[in-house]
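Subject: Structure for your files

Hello,

Here is the structure I promised to send over. My notes on it follow below the display.

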Amino acid sequence: MFSPNKRRETDVMKLMMSNYTVETINDGLSEFNVFFNGPKGSLYEGGAWKVRVELPDAYPYKSPSIGFVNKIYHPNVDEMQVLPIRAVISSSHDLGISRANIDILYSFFRSGSVCLDVINQSWSPMFDLINIFEVFLPQLLLYPNASDPLNGDAASLMMRDKKQYEQKVKEYCDRYAKKEKEVPPDVEDDSGEEVLSDGNCSSSDDEVAGHPDP
């Protein structure tokens, strides 16, 4: 049996040595951002997203939390707005609200929550961080599951008017995920757009390997 700390270090270093750009947070290995390009052949091709990854203390026995920092239009990614809760967080001391309770509120109101069963419910220590970015996320973007949505508007539009849905996906890519600027300034970390997977839904069982762009 391997040590969780050793496995964490190995998996993060493996990701850093791959073709992905990894941006650590607070100089640790438990929380970091990974720059992820939309998979070829999908509506998201040409887009670039910053994906937040948080590794729990029990990783790899417990699944990592992941979420898109900049916006994406997808049936299985929530799109709740969280700016009001940011205002509460910034003034929590004046309001007499404890930091622990603020963290609970913030987790509840996060937007962009990823619906991906293999991460949320079926995670195994056999998987690693590379699997997330080469298989699981490309699979999610290539095969959206409108029957089990987190974004009801996107799911409804996808089933009702496929052409209009595809147009809106591309509009979001152009506005929020242009590759040349990676993440627009108006959706950086301090805007509150990032959201972590919450483990409440499932996705397609199809397995499609994606490849990071050089």
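**Loop positions and long-range pairs**

P60 sits in the loop between β3 and β4. Please keep in mind throughout that this is a predicted model. With a relative accessibility of 0%, P60 counts as buried, since the cut-off for that label is under 20%. P60 and P125 are 65 residues apart in sequence, yet their C-alpha atoms are 5.0 Å apart in space.

A second pair of this kind involves E79, which is found in the loop between β4 and α2 (83-90). E79 has a relative accessible area of 23% and is therefore classed as partly exposed. Its partner here is D153, 74 residues away along the chain; the two C-alpha atoms are separated by 9.6 Å. D153 comes up again below, in the contact between α7 and α8.

**The sheet**

The sheet is open and has four strands, in the order β1-β2-β3-β4, with antiparallel pairing. At its edges are β1 (21-24) and β4 (65-68), each of which pairs on one side only. On average, neighbouring strands are turned by 25° against each other, direction ignored. As general background, strands of a sheet pair through backbone hydrogen bonds, either parallel or antiparallel.

Going through the pairings:

- β2 (residues 31-37) and β3 (residues 48-54) pair in the antiparallel sense over seven bridges. F32 stands opposite V53 of β3, and F35 has K50 of β3 as its bridge partner.
- β3 and β4 also run antiparallel and are joined by four bridges. Here the bridge partner of E54 is S65 in β4.

How many of the seven residues of β3 are buried? Six are, so β3 is largely enclosed by the rest of the structure.

K50, which lies in strand β3, deserves a line of its own. Is the lysine K50 buried or exposed? K50 has a relative accessible area of 4% and is buried, because that value falls under the 20% cut-off. The K50 side chain makes a polar contact with the side chain of E23, at 3.4 Å. K50 thus appears twice in these notes: as the bridge partner of F35, and in the side-chain contact with E23.

**The helices**

Helix α6 (residues 129-142) lies across β2, β3 and β4, and runs at about 50° to β2.

Further along the chain are α7 (residues 152-160) and α8 (residues 162-176), whose axes come within 6 Å and cross at roughly 135°. The two helices are therefore oblique to each other. On the α7 side, the contact is made by D153, A154, L157, M158 and R160. On the α8 side, the residues are K162, Q164, Y165 and K168. By class, this contact has four nonpolar, one polar and four charged residues.

That is what I have for now.

Regards

Terms used
Residues are numbered from 1 along each chain as its sequence is written. This is a predicted model: local features need pLDDT of at least 70, side-chain atom pairs count only at pLDDT 80 or more; totals for chains, interfaces and linings use all residues. Side-chain values use heavy atoms; hydrogens and water are left out. Axes are lines fitted to C-alpha atoms, for helices over the stretch in contact, and angles run from 0 to 180 degrees between N-to-C directions. Angles under 35 degrees count as roughly parallel, over 145 as roughly antiparallel, 65 to 115 as roughly perpendicular and the rest as oblique. Contact means heavy atoms within 4.5 Å. Ala, Val, Leu, Ile, Met, Phe, Trp, Tyr, Cys and Pro count as nonpolar, Asp, Glu, Lys and Arg as charged, and the others, Gly among them, as polar. Two strands pair if DSSP finds at least two bridges between them. Buried means under 20% relative accessible area, exposed over 50%, partly exposed in between (1.4 Å probe, protein chains only). A polar contact is a pair of N or O atoms within 3.5 Å; within protein, one must be able to donate a hydrogen and the other to accept it, and residues adjacent in sequence count only if both atoms are side-chain atoms.
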